[in-house]
Each structure stands twice: as structure tokens, then as C-alpha cells.
Amino acid sequence: MSDHEGQSSTSFALHCFINGEEQTLETTAATRMLNLIRDELELTGTKRSCDIGRCGACMVLMDGIAVNACLTMAYQCAGKSITTIEGIAKNGIDPIQQAFLEEGGFQCGYCTPGMIVSVKALLESNPEPSDDEIAEALSGNICRCTGYGGIWRAVKSAIKMRGSNR
Amino acid sequence: MLLNRVNSGGRWRIRPDGIGKVTGSLTYLTDMTAGSMLYGLVLRSEYPHASVISIQTDKAEKLPGVHAVLTYRDVPGLNAFGIAHPDQPVLCEDRVRYVGDALATVAAESIVIAQQALELIEVEYEVLGVLDDPERALHADAPLLHPKGNAMHRTTFTRGNVDEAFKQCAYIAEEIYYTPRQMHTYMETEGGLFVPEADGRLTVYSPTQHGFMDRMQLARILSVPQDHIRIISSPIGGSFGGKDELNVQPYGALLATKTGRAIKMHNSRQESVRAGLKRHPMRISMKTGVDEAGQLIAHRVSILADTGPYSTLGAEVLNFATEHVIGPYKYEHLDVEGISVFTNNGMSGEFRGFGGNQAIFALEGQMDRLAEQLGLSPWAFRKLNMRQSDDLGPFDQPIAMTEGAELVWSAIENSRLWQEQVRMKDRSAPKHSEPWIKTGIGAALTMHGAGLGVGIPDPAGGRLELAADGKIEAVFGYEEFGQGLLAALEQMLVEQFGFGASDIRMVIGDTDVVPDSGSTTASRATAMMWKSLQRMRKPFTDQLLKQASTILRCHPGELRIWEGGISLITEAQLLLTYEDLAKQTDVPIRSETSFSFPVSDTKRVGAHFMYTYSAVVVKVELNSLTGRVKVVEQQHAVAAGPVINPQGYLGQIEGGSSMALGFTLLEDAVMDKGHYMTRNLDTYLVPTIVDQQGIVEVEPIEHLPASDDYGPRGIGEVGSVTLAPAIAAAVRQASGKWVTKLPIDPAFLQEKPFFLTGE
């Protein structure tokens with residue numbers, strides 16, 4: 001429900017994979033992925049908060065890379081594989097999610113899906129990041145509740161858990 | 001002992017609402033949709049101050065897909081809201097007083113159509129002068145924003161004679177402190193779903209901190225009996241006080257009633273910034289004097305708060321600030337006055353800390369300045385003047401006496417960081433490898449009131465019940481906005497009763513089923529749940545055991561509550577599951593309690609009875625080239641009675657202090673002539689993980705006097721009120737400069753680099 005959505009009406013058939021499933025969505029080329037995910041696919045784990053790519057609440061994985069769904073248009077998703085928070089736990093809860101649970105890496109939970117998506121993108125590409133690398137990777141995800149203490153602990157714990165699972 | 005997972009052992013639990021939050025499967029109220037819903041939007045004022053000549057809605061109404069365009073003419077009941085004093089129009093009739101004022105609301109089949117409809121509404125304004133300065137708003141020739149004048153609320157508190165006392169002072173600190181218009185920045189903006197039911201009732205799914213207050217206010221606006229409205233208000237994606245007052249609910253409710261269709265509303269961030277509450281910007285002038293030995297003699301304070309266009313809880317915030325500029329210190333002579341002023345700026349209102357944040361920044365600044373004048377350690381100076389456990393409260397009112405102030409003082413005195421500060425002596429002590437990085441350590445202390453205070457109804461209570469399906473139902477009228485209310489409740493039921501977590505069903509946030517437990521504000525909910533459970537424990541468990549004993553044909557004294565059901569006292573063996581107990585008994589097993597938050601025996605409105613004490617020491621690194629301050633270490637000591645939920649307690653102090661870090665270093669919703677210059681999170685900066693790379697340690701002090709039966713004190717706000725003055729003290733040590741204005745302007749701390757000064 002952003003201020004600028006839906007102004008282009010040229011229809012566009014989007015073919016992509018969402019959480020592993022092939023999808024064809026009739027939309028417009030400029031429709032935001034955030035709206036497609038939340039409104040069309042009713043995957044409401046991806047959250048809406050700033051609409052301008054500053055808070056990270058709508059983060060999803062596009063071919064493994066974390067992107068803001070509010071800044072991504074339908075045409076940019078063509079042929080891509082999109083993973084939302086719902087897709088991350090598809091085969092059981094991810095060690096990252098388990099770490100967030102155990103360490104208290106969330107409070108209100110509204111930033112949490114986006115945060116976990118960003119952690120997933122980081123650890124898949126860099127399994128043992130330094131503190132500065134963690135900070136950089138999560139600097140686009142705002143959490144107003146935790147002060148990031150629980151998030152630091154969760155990320156550290158997730159690194160360990162994933163390491164011992166390998 | 002520091003609060004962390006290892007030290008907490010088995011008490012460190014996974015939150016009951018955790019799985020839904022980490023997997024994204026939890027449905028927030030702004031995630032909800034309904035089959036035939038319409039989208040609601042609000043037209044807000046173009047100007048901070050104007051007369052409204054006319055509002056034409058014909059064109060908007062004719063737009064295909066538009067189902068309703070409502071103005072003030074369509075409000076059936078009271079066209080106003082406000083928790084304490086309803087003076088904010090739901091839909092303005094003849095005047096707008098800020099850029100968030102609502103003029104019309106539309107319902108349409110899509111958001112795009114609703115937006116087009118807003119653009120087709122023609123409002124004719126006559127622009128009026130903007131009162132954007134509270135001081136100017138008090139001038140005799142200033143236009144009146146409300147019939148009773150621009151002074152929304154005044155406070156005073158005096159003791160002795162400060163004028164005479166200042167003549168006796170050996171040292172006097174005089175300063176004016178300024179604090180910013182901080183934004184709550186809950187990640188979930190305001191919104192919800194408004195559903196007209198087949199039986200004529202209205203269900204409101206929208207976040208709030210007190211469902212029954214919303215129900216009362218909406219009933220007043222819609223002119224319907226309160227029981228025609230059901231408020232479902234949890235889960236909430238953050239609030240921090242910001243969703244305590246009504247926001248989109250009046251519009252959703254009016255549109256749903258008018259169209260007979262479900263209405264979805266979800267504010268954009270820009271709209272949230274424009275219409276929503278902020279922390280009161282305050283100017284606090286203080287003059288404080290001591291004798292030769294360092295004893296405080298006189299303290300004069302003048303508070304000027306910018307409350308914006310309407311009241312909400314502005315008066316109560318000023319009352320709180322008035323109490324907290326006195327704080328945990330003793331003065332023979334005291335003269336405090338406060339005034340909260342209507343302006344055409346944004347709405348100020350309730351926000352975590354509730355006026356304490358501003359007051360404590362100023363008060364603790366005075367303590368540091370006086371200590372320096374006296375050549376005393378700032379911590380020793382505080383000890384010299386600090387309240388003793390049996391002293392009266394700041395307003396000379398009786399309070400629940402604890403040794404909290406002394407205990408948190410001692411914890412900081414003995415802390416590693418404060419010991420490091422003592423060794424530093426002066427700012428040049430530890431040589432940094434980068435000479436433009438200056439280090440400083442500072443500390444601050446506070447007592448922070450909980451509950452709504454004297455003169456405001458402050459009900460509490462709850463219900464326990466064995467449900468038909470065998471679940472132990474705990475029913476409370478509180479809200480879960482992230483603070484961990486459900487986790488605290490579950491932990492108390494497990495630890496204090498002996499139930500297993502899976503035996504329990506917690507029911508909150510639904511006015512059709514919960515009792516009015518009062519608001520989830522003012523650091524009160526956990527304390528009130530604890531007290532409720534204390535009161536219900538014996539009657540409820542007695543009933544469970546009695547009915548079980550009838551079924552098991554034994555004496556209730558042989559039985560006990562156990563995980564999964566009733567067991568023998570002598571051995572951990574389940575004899576009767578709660579499900580079987582529920583099936584086999586025909587007597588309802590139920591306990592309910594209602595009481596009030598404890599209040600002080602005084603007539604002083606707003607005075608508190610229960611306090612949480614906290615002290616914090618911080619270490620900062622100031623980059624004197626950029627003027628940026630980095631907080632590298634924080635040690636908090638918090639005296640709040642027993643720790644109910646270790647993970648939640650730690651999270652509240654860490655999270656509160658992060659909010660305080662933003663208040664001190666980053667955050668200000670800047671306004672110019674009544675318009676917000678900041679509209680979104682690109683220009684309003686809250687701390688990110690990069691700002692929070694430092695160490696944060698929390699030491700909870702659980703000790704309470706043996707006679708104290710009030711249990712846990714609130715910890716929801718106290719983490720957010722003490723950090724700012726501690727950072728300011730550390731910056732003083734690092735830079736030699738006294739900070740008086742928050743957030744700290746880096747330009748104020750920038751120094752010419754040594755290679756340019758030739759030193």
C-alpha cells in the first residue's frame with residue numbers, strides 16, 4: 001500500500017520461482033515484489049515498514065542474495081529464484097532461526113524475518129564472518145526493540161551451530 | 001551476577017511467541033485481509049495551521065470504486081479523541097492545527113483508487129500564522145490554539161526558599177538543556193482491519209496498548225454502546241507508547257460502519273511520521289547550588305515542553321518530568337515549575353520513559369557540573385546527596401521503600417569501568433594509537449516511577465480457568481508488543497504454579513474475553529501479572545486439587561500441581577491429566593482477581609509509589625576529527641526486584657538503552673515552520689547494528705526488603721532513561737566540553753586536527 005504503486009498498467013507475465021515453486025503471475029512490470037509477495041501470494045512473513053529500502057523488514061533472497069522487496073520490481077524478478085522467510089523454514093527450522101529463538105534475537109518480531117534473511121545471505125556466502133562483516137551485512141536491517149544484543153548473540157550462535165552441522 | 005544465558009541456566013527460556021516470529025508465520029494485525037475488504041486512507045492537512053473554509057467531496061464520491069468519503073459531518077458521536085482529554089478532532093471541521101490533522105477519510109476498492117479519491121477532495125483553506133515555538137506560543141499576542149489558551153498544563157513544586165538559599169551556596173551550576181523530538185519508530189506502522197459483523201457489532205483488529213480504552217473512545221465517536229465493539233489488539237510490531245493513543249482506528253471504524261464492508265488500513269511510513277506521536281521536545285533550565293562541603297542546598301528548575309496541537313497524555317508527561325527533575329537527591333530548597341504548551345508542531349505524547357528521559361538528562365548533568373566545581377568525584381558527590389532508603393519520594397510522598405538507589409550506586413562504584421574512570425584522572429590518560437580518538441567514561445543514576453500515579457484510575461487483575469479442553473487458561477487484558485509479556489506470564493505459571501508450558505493457554509488482547517487489567521504502559525504489566533498470580537495462586541490451585549481429590553478419592557493434601565496434570569506430592573507420577581480433570585468435573589474451576597496498582601498516600605497528582613532504580617557507566621570514543629561519538633562499553637545496574645524472565649529483562653535494558661543511544665547521538669524529527677523535514681528512515685536515523693557493536697552488560701539487583709510484597713518492579717522504561725547523561729559525562733571527559741543539547745551535534749565536538757594547529 002505504497003504511495004506510488006500500480007501507476008503503470010501495462011500487463012506483464014512474471015515467471016519466477018518462489019520458495020522453490022514455479023510461479024506465473026499476471027502483474028505489471030513495475031509492481032513491487034513486496035506487493036506481489038504480500039498481496040498476491042499472501043506470504044505475509046515479509047514485512048512492510050519504510051517502502052524505501054532503508055529498514056530491511058522486507059528483505060528476501062534473490063538467487064541467494066538479500067534484496068529489499070520494496071525496491072525490486074516484477075521485471076527484475078524474471079527467471080529468478082526468490083526465497084522468502086516462509087521458504088527458509090521449508091525443510092524444518094533453519095539453525096539461524098533456532099539461534100534467534102534460543103538467544104532472544106527478537107522482541108516484537110516485525111524486523112525478524114528480514115533480519116534472518118540477511119543473516120542467511122551472509123552465512124551462505126561467508127560462513128565465518130568477522131564482527132565488521134556481520135555489522136556490514138546487517139546494517140540495512142533496523143531492529144527497534146532489541147538494541148541488537150540478542151541479534152549479535154544469535155548470529156554468533158548460528159555460526160557455531162552451522163559449523164558443527166557441517 | 002551479570003544477566004546472560006549461561007548465568008540464567010534453565011530460567012533462560014524460548015519465548016512462546018518465538019516460533020511464529022522467526023518463521024514469519026505469526027499474523028500481525030496489519031497482515032490481515034478479508035474477502036470483500038476495502039482500503040481506507042485519510043486526507044491530512046496541507047498546512048500546520050489554517051482555517052478550513054470548505055471541504056468538497058463530490059468529485060471523489062463519483063470516482064468509480066469509491067465507496068465512502070467521510071468528513072466531520074459523518075461522525076455520529078463525539079468528533080474528538082484523546083485518552084485524558086479528548087480535544088483532537090477525528091475529522092476537522094473549521095480549523096487545522098498541525099500537518100497530521102485529518103479532514104476526510106475514504107474507502108475504495110483499491111489503494112490506487114483511494115489515493116485518487118484523496119486527490120479529488122477539494123479543501124479551501126485560509127492559511128494562519130504558524131506557532132512553531134512554545135515560548136512564542138505563550139506570548140500575550142499569540143493566537144490561541146484552544147479556547148483555554150496555549151498553556152496546556154502547568155506544574156509547580158516548592159519547598160523552602162530557593163532565592164535565599166542560593167545566597168548561601170558556595171558553588172552553583174546553571175544550565176539550559178534541550179532534548180529532541182524523538183520518534184518511536186516501531187517497525188510496524190499503524191494499521192489494522194475493521195470488520196462489521198453480521199450481528200451489527202464491529203470488530204477492530206488494530207494495535208493499541210489498552211484495548212478497553214480504545215473501545216471506550218471508539219464507542220464515543222461512533223455513538224454506540226461499548227459492547228457493540230470488540231477490540232483485538234495483539235500481536236503488535238512495536239509500540240513504545242506510540243500506539244497508546246488512537247491513530248487510524250477512528251477512520252477504519254467510521255468507514256466500516258458506513259460501508260458495511262471490512263476496511264484495511266496500513267499507514268505508510270510518511271503518514272506515520274506526519275500524524276504520529278513523538279517524544280516531547282523540552283527545554284529544561286536548571287540552577288542548582290551546594291555548600292562548601294558539597295551538600296545540595298537549592299535546586300530551581302523550569303521545564304518548557306512542546307506538546308504540539310492536542311493534549312493526549314501531554315499533561316501526564318509533564319507531571320512525570322516534574323517529579324523526575326527532582327529525582328533521587330535531597331535538597332532543602334526546591335522550586336520546580338513546568339509548562340507544556342500547544343503549538344502547530346507535530347503531536348507530542350506518550351513515549352517510553354514518559355518525560356523521565358529529558359528530566360534525567362538535565363538533572364544528572366547538574367550533578368556532574370557541581371561535582372567538577374567542587375573537585376569531587378561525580379560518583380562520590382552523588383552518594384553524598386542521594387536519598388536513603390527510608391526517605392520520602394521526590395514530591396515528599398510515601399513510597400515503597402527499598403535500598404535501590406544505594407545498591408545501584410554501589411554496583412557502579414565497584415564496576416570495572418568506573419574503576420577505570422578513576423584511574424584515568426584526565427582525558428589524556430590512555431594514549432590511543434590514533435591520537436584524534438579521545439576516550440571518556442561517565443556514569444549516571446536514576447529512580448524511575450512505575451504505574452500511572454496518584455489521581456489516575458490504574459486497575460489491574462486477571463483470571464485463571466481450567467478450560468473445557470483441559471488447558472489452564474490465563475486471561476489478562478494486556479498487550480504483547482514485543483516486550484515479552486507472554487514469555488513472562490508463561491514463566492511465572494511454570495515456576496510459581498508448576499504447570500508445564502504446554503498445559504497453558506494465554507489469552508490477551510481481546511475485549512470480548514479478557515478482564516480490564518488496565519493499560520500495558522508505565523512499566524506496570526509484569527508487576528501486575530505477578531501480583532494477580534500471587535492473589536490467585538492459592539484459590540486456583542486449591543480448586544484444582546480439591547476437584548482432583550474427589551475424582552481420585554484421596555485427600556487434596558496428598559496432591560500437587562504437576563506438568564501435564566495432578567501428581568502425588570510424594571512422587572513425580574501423573575495421576576490425572578488436566579484434560580481428564582476438566583472432563584470429569586462438573587464444577588467450574590476458576591479464579592479471578594481485580595485490584596489497583598499501589599499508589600502513594602498523597603494528594604499530589606501523578607506522584608508514584610513504586611520505583612525502579614538504575615545506574616549506568618559508559619565508555620565512549622570520540623573521534624575529534626569527525627565529532628562522532630562511539631559508545632564502546634555500557635554497564636547497567638538495575639534494582640527492580642526479582643527477575644521474572646531473564647531473557648526479557650536483558651532485552652528490555654539492551655533495547656531501552658539502544659533507544660537512549662539514538663536519543664543522545666542520532667535522533668531528531670526535525671521540523672521547520674510546522675512541517676516535518678524528515679519523512680522516512682532515510683533522514684530519521686535510528687541506531688543500526690553498526691552503532692551497537694559495543695559491549696552491554698546488565699547486572700540485575702534483586703534484593704528487596706523482607707517486608708516488601710510488591711514483587712518485581714517495572715523494567716520496560718528504565719533502560720531508556722539513564723544513558724544520555726552518562727554519555728554526556730563521558731563526552732565531557734573525552735572532549736572537555738559540556739553537552740547541553742541532544743542529539744549531540746558532531747560539529748560541536750569537532751576539533752582542528754593537531755597537524756593543522758602545529759601543536
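**Chatting through a two-chain model**

User: Is A:Y148 buried or exposed?

Analyst: A:Y148 is buried, because 28 other C-beta atoms lie within 10 Å and the cut-off for buried is 20 or more. Keep in mind that this is a predicted model.

User: Where does A:Y148 lie, and what is its phi?

Analyst: You'll find A:Y148 in the loop between α5 and α6 of chain A. Its phi is positive, about 75 degrees, although A:Y148 is not a glycine.

User: What about A:D63, buried or exposed?

Analyst: A:D63 is exposed, because it has 11 other C-beta atoms within 10 Å and 12 or fewer counts as exposed. A:D63 sits in the loop between β3 (59-62) and β4 (65-68) of chain A. Phi of A:D63 is positive too, near 50 degrees, and A:D63 is a residue other than glycine.

User: Switching topic! How many residues of chain A are in contact with chain B?

Analyst: 46 residues of chain A are in contact with 46 residues of chain B. On the chain A side, α3(A) gives the most, with 5 residues. That side divides into 22 nonpolar, 15 polar and 9 charged residues.

User: Cool. What domains does chain B have?

Analyst: The domain assignment gives domain 1 (29-129 + 187-238 + 243-275), domain 2 (282-453 + 603-754) and domain 3 (459-596). The centres of domain 1 and domain 3 of chain B are 38 Å apart, taken over C-alpha atoms. The contact between these two takes 16 residues from domain 1 and 14 residues from domain 3.

User: Which element gives the largest share on the domain 1 side?

Analyst: That's α7(B), with 4 residues. By class, the domain 1 side has 6 nonpolar, 7 polar and 3 charged residues.

User: And how do α11 and α12 of chain B pack?

Analyst: Their angle is about 105 degrees, and their axes are 9 Å apart. Angles of 65 to 115 degrees count as roughly perpendicular, so α11(B) is roughly perpendicular to α12(B). Residues making the contact include B:M367 and B:L370 of α11(B), along with B:F381 of α12(B). The contact residues divide into 6 nonpolar, no polar and 2 charged.

User: Last one: which residues does a cis peptide bond join?

Analyst: One cis peptide bond joins B:S234 and B:P235, with omega about 5 degrees. B:P235 is in the loop between β11 and α8 (249-259) of chain B. Another joins B:L742 and B:P743, with omega about -10 degrees. B:P743 is in the loop between α19 (723-735) and α20 (746-749) of chain B.

Methods:
Residues numbered from 1 in each chain as written. Chains lettered and ligands numbered in written order. Predicted model: local features only at pLDDT ≥ 70, side-chain atom pairs only at ≥ 80, totals over all residues. Contact = placed C-beta atoms within 7 Å. Helix = DSSP H or I, 4+ residues; strand = E, 2+ residues; numbered from the N terminus. Nonpolar A, V, L, I, M, F, W, Y, C, P; charged D, E, K, R; others polar. Domains from an automatic or database assignment. Axes fitted to C-alpha atoms, helices over the stretch in contact; angles between N-to-C directions. Parallel < 35°, antiparallel > 145°, perpendicular 65-115°, else oblique.
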